[in-house]
Amino acid sequence: MSFTERISLDAFDSSHGGSSESPEIHTLYRVSGSLALLSCIGALFVIITFITIKDLKKHPTRMIFFLSVCDVLFSLKYLVTAVLPHSDSFQTKRVACYLQAGIQQFFGLASIGWSGMISLNLIISTSRPFENTSTYSKFYHGWIWSYSIVTSAILFKNYDVIGPSGDGTCWIKAEDKPLLLMFFIPLLAYFSISISSLIIAAISTRNKSLTSTSGRNNSWSDRNRTGMLLRMSTYTLVFIVCWAGPLAHRISQIAGHHDAPNQANLLMFFDAIGVSIQGFMNALIWITNPSILRGFLDNIMKYLPFSKKFIKDGENTPLIRSLQDENQDPTQLAVMLRNNILTCSLRGIALSVNDNLNLSNSSSLSNHQSHIGGDIHQHLPYDSLNLPLSSSSNSNPINHHYSNNSNDSFENNNNNNINNNNNNINNNNLNEQFKVYTEKELFKDIFDISPDTNMGRHKFKDYCPNIFAKIRALNNITPSDYLKSFDSSLFFENLSNQKFSEGKSGSFMCFSPDNKFLIKTITRQESVLLKKKINNFYNYLVKNNHSFLLKFYGCHKISMPNDHTIYLAIMSNVFGTIPQGIKIRERYDLKGSKVNRGGNDPLFKGDGLGLDLDFVNFRKFLNLPDGFSHSIIQQLKSDAAFLTSLNIMDYSLLIGVIPNNDDFKKKLIESGSNINNILSGSNLIGGNNSHGSNGSGSGSSGNHNSSGSNGSNSGLLKGSFTNSSLLVNSFDFSNGILSADEKEIYYIGVIDILQLYDFSKKLERFLKVYLFRKDGNGISATRPEPYKQRFMKRMNEIIKNNHYKHKSATQQYNNSIINSNNNYYHSEEEVLFDT
C-alpha cells in the first residue's frame, strides 16, 4: 500500500490504543498548551521587534530571528493540541499524527540547530575576533535546513515508525531507536558546543593586563565581563534545561522504559514542558538586548507620559543599568577582543617607532631619553620626534633585539647595513628584519611587572621597521605625527570606525581617529608578499612620489593566547584628506572587468559601493579638467606597469565623490586648511603645483595641511592649465581634484595591491571559464599583463583624456583587449599549471 493510500485512512490499527483521555494526560495537554501559548507570543515578539528595529537587522541577531520562527511553528504543535477537544485522539488519526511528527522533526531539529549555531558563532568570534562571522551564514543555513529536510524525508519514507511518542503527541515511536538518534545525537553535539562557548568566553576575557589601556571608554572591566558571562550562562542554561527533559525521557525509552498509552508520567511532563516553554525563555533573553530594552522603554514613555518618572527612577537601578549596557552584550564580545588585540598593536607600534628612532637617530636623541607612559603617543617628546628619519645616512639597524632570520630568536647580527645611496634600498636581508614584543614588554611601563607576574600570552611582531619608517619619512610623516594618529586615549572613542570590508575578502579594517591611516587585516600570503616586495615599493615611490598606489606604513603580526595569528598592515587612507564630518556621496571600486561587477540594480543612484558597471550606467565618466586628465592617466599607467612587473593583479581604482558645497568649505576651513586659498574668485581653492615638497601621493596620510611659501601644498587641485602634455608626477592629487564644473571633488587611489597571480587565481580562472562558462575576457582573474591593459582601458573610458579615442562600452567589450594574447587564452589548460 502506498503512502498516499495509507494517509487517507482515518485511524491507526487498534494496536495503537484507544482515545479515552485520562486526567493526567488532560493536565499535560493544558500545561504544555499554556506554555506553548507563551512561547508563541514570545517568539512573535522577537520576530516583530527584529523586523521593526533597524539596529537588529544584522548578524548575529538575525540567527535569533530564524530561531524564533522555528519556535513559533514548533510551539503550535502543543498549542493546537491543547486547544482542540479530544486532542488525545490525534495519536490515532493519521493526518493529524503525521502533521505533528513532521512539525516535531523539521522545526524541532531546526530550533536546536539554530541554538547550536548561535553558540558556534560565539566560539568562532571569540577565537578569531578579526574574522567576519557573517560569512558563515551560508554554512549555518545550509547545515540546518538540509539536515532538517533530509531527516524529515527519512522519517516519512519510514512512516511506520510514526506514532505516539510518549509526550501526548505523535512523533517517532519509542521503540524505533535508530531514528531517535537522528535527533538526539545532534542535540548532544549542540549541548557540547554551547558549554564550550561559555568556557572559551570565560578564558578569553580573563586577561587583566588590558583593563586600563583601552582609552577612556574602557569596556574591559570585571563588571562588564561578569555581566556578559552571566548572559551567556543564562542562554546556555535555558537551552540545556529546556531540552534536558526530552533527552532524559528518550534515554529512558531507549533503555527499555515504556509509557502507558494516554497515561502521563513525570518524564512525559518534563519532556512536554521543556520544549513547549523554550520560545518564551528565548524571548526573555531577547528582551535583555540593550537596543530592544531602550526602544521598549522609550515607546512606553512616549505613549504613556505618566510612566516617565517611574522608568527614569528604574533606570538607575543596577539591574536596568546592567541590561542596557552594551558592553555586557555577548554579541559585543568579538568587539572587545578586537580592542584587546588592537591595544597590543598600538603599544607595539609605539615601541617600534621608539626603538627604530633610537637606532636611526641615536645621537640626536641622546639628551631626550624617554619611556612610554599611559598614552602611547606620549612615550617620546614631540619636539625631539619632529626630526624626520634620516634617509641618507648609513646606519646599522640590527642589534640584539632584532632578528634577520626566519625564527623568532634575537641573535646578534652586525653585518647587515642599509645601503641608502640615492635613496634606494637594495639589501634584501632587510626583508626578514623583525622584532617580537611579549605582552610583558608591551605593558611593562604601565604595570609594576615582576618576573613572576602572570600576564596574557599575546605577542606583537614588527616586520621591516626600518624600511617602513623610511616610507613614512618619504611621505613627510614624522614619528610624532604617526604616534598622534594612533593615540590609544582616542582610538577607541568611536567604535563605528571599525568594520569589515565590503569586498570578497571580508577583511577587518579600522581607521585612526584622525582618519589618515587604515589598519587592515591581511592574509599570511599577503604579509609574505609585502615583506618580500617592500623594497620595490620604496624604490618606486622614491621616483613616483605622487603615485596613486596605496602606501604601506607598517606590517605586523599578533599572536593570540590560543595561537591564532592575525596579520595587520597599516596603510594610507584614500579618503584621509577629506575633512571629518563630510559624508562621501558616491564610492566606486573599478577593476575594468564586467562579470559580477555590478550593473544589476537599475535604480542605483550612487548609494553604497558601486562597481564597474554601476559606474558606467550611472556616472559614465569623471568630469576632470582637461589639464589634469593626461597626467592622471600617465601616472595610473606607470602604477599599473609597476604592479604588473611584480606579477600583481586584481587591484582596483577606488573613487570617492563629494559635493563642493558650503558645508564642505566650512569643514575645510575648520580642519585648518589655508584660508587664503579658499574661494579665490570662482575657484574653491587655488594652487596648482606640488613639486617634490610633499610626497604623500594619492591616498597617503602625510601632513597635507602644511603650507609652503606659494601655498601649493594644501588644498584641492583645480584645472587651470591648458597644456595636455603635463609631466607625470607633477601634481599631488591626494588632497582631492576639483571637477571641471567645480561642483564636485574627486578622491582616487589604487587599492588591493597585494594579490599575486598565483595558483589560486589560475584555478579560479580555469573554473570560471571552463566549468561555469563565464566570459574569459570579463572576469577579474587574468594574467597581470592583460589585466593591466583592461584596467587602463577602463581608466581611459572614465577619464576625459584627449589623447584617447573613446568607444562605447559595447564596442570596448566586443573588441577584446586579449587579442594580443591569443596564445595565452587558447592554452588555458596549460596556464593553469604554469606556476
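1. A definition first. Ala, Val, Leu, Ile, Met, Phe, Trp, Tyr, Cys and Pro count as nonpolar, Asp, Glu, Lys and Arg as charged, and the others, Gly among them, as polar. On that scheme, the lining of the second largest pocket holds 12 nonpolar, 13 polar and nine charged residues. Bear in mind that the model is predicted.

2. The second largest pocket encloses about 820 Å³ of space. Its lining consists of 34 residues. Closest to the pocket centre are Lys 58, His 59, Thr 331, Gln 332 and Val 335.

3. Which elements give two or more residues to this lining? They are helix H4 (94-127), helix H9 (290-303), helix H12 (333-360) and strand E5 (498-500). H12 provides the largest share, with four residues.

4. Now the disulfide. A search of the whole structure turns up one. Cys 97 and Cys 170 form the bond, and their sulfur atoms lie 2.0 Å apart. The torsion about the S-S bond is about -105°, so this disulfide is left-handed.

5. Where do the two cysteines sit along the chain? Cys 97 belongs to helix H4, and Cys 170 to strand E2 (residues 170-172). The two are 73 residues apart, so to speak of distant parts of the chain being linked is fair. Helix H4 also gives two or more residues to the lining of the second largest pocket.

6. Are the cysteines buried or exposed? Cys 97 and Cys 170 are both buried. The cut-off for buried is under 20% relative accessible area. Cys 40 has 10% relative accessibility, so Cys 40 counts as buried. Cys 344 has a relative accessible area of 1% and is therefore buried.

7. Strand E4 (residues 459-463) is mostly covered. Of its five residues, four are buried. Strand E4 pairs with strand E3 (residues 434-438) in the antiparallel sense, over five bridges. E4 is also joined to strand E8 (residues 552-559) by five bridges, and that pair too runs antiparallel.

8. Lys 459 in E4 is a useful place to look at the pairing. Thr 438 stands opposite Lys 459. In E8, the bridge partner of Lys 459 is Ser 559. A general point for reading such strands: in a regular strand, side chains alternate between the two faces of the sheet.

Notes
Residues numbered from 1 in each chain as written. Predicted model: local features only at pLDDT ≥ 70, side-chain atom pairs only at ≥ 80, totals over all residues. Heavy atoms only, no water. 1 Å grid on protein atoms, 1.4 Å probe; cavity = no way out; pocket = protein on both sides within 12 Å on 5 of 7 lines; lining within 4 Å. Points joined across faces, edges and corners; volume = space filled by probe spheres on them. Buried < 20%, exposed > 50% of the residue type's maximum accessible area, 1.4 Å probe, protein only. Pairing = 2+ DSSP bridges. Disulfide = S-S within 2.5 Å.
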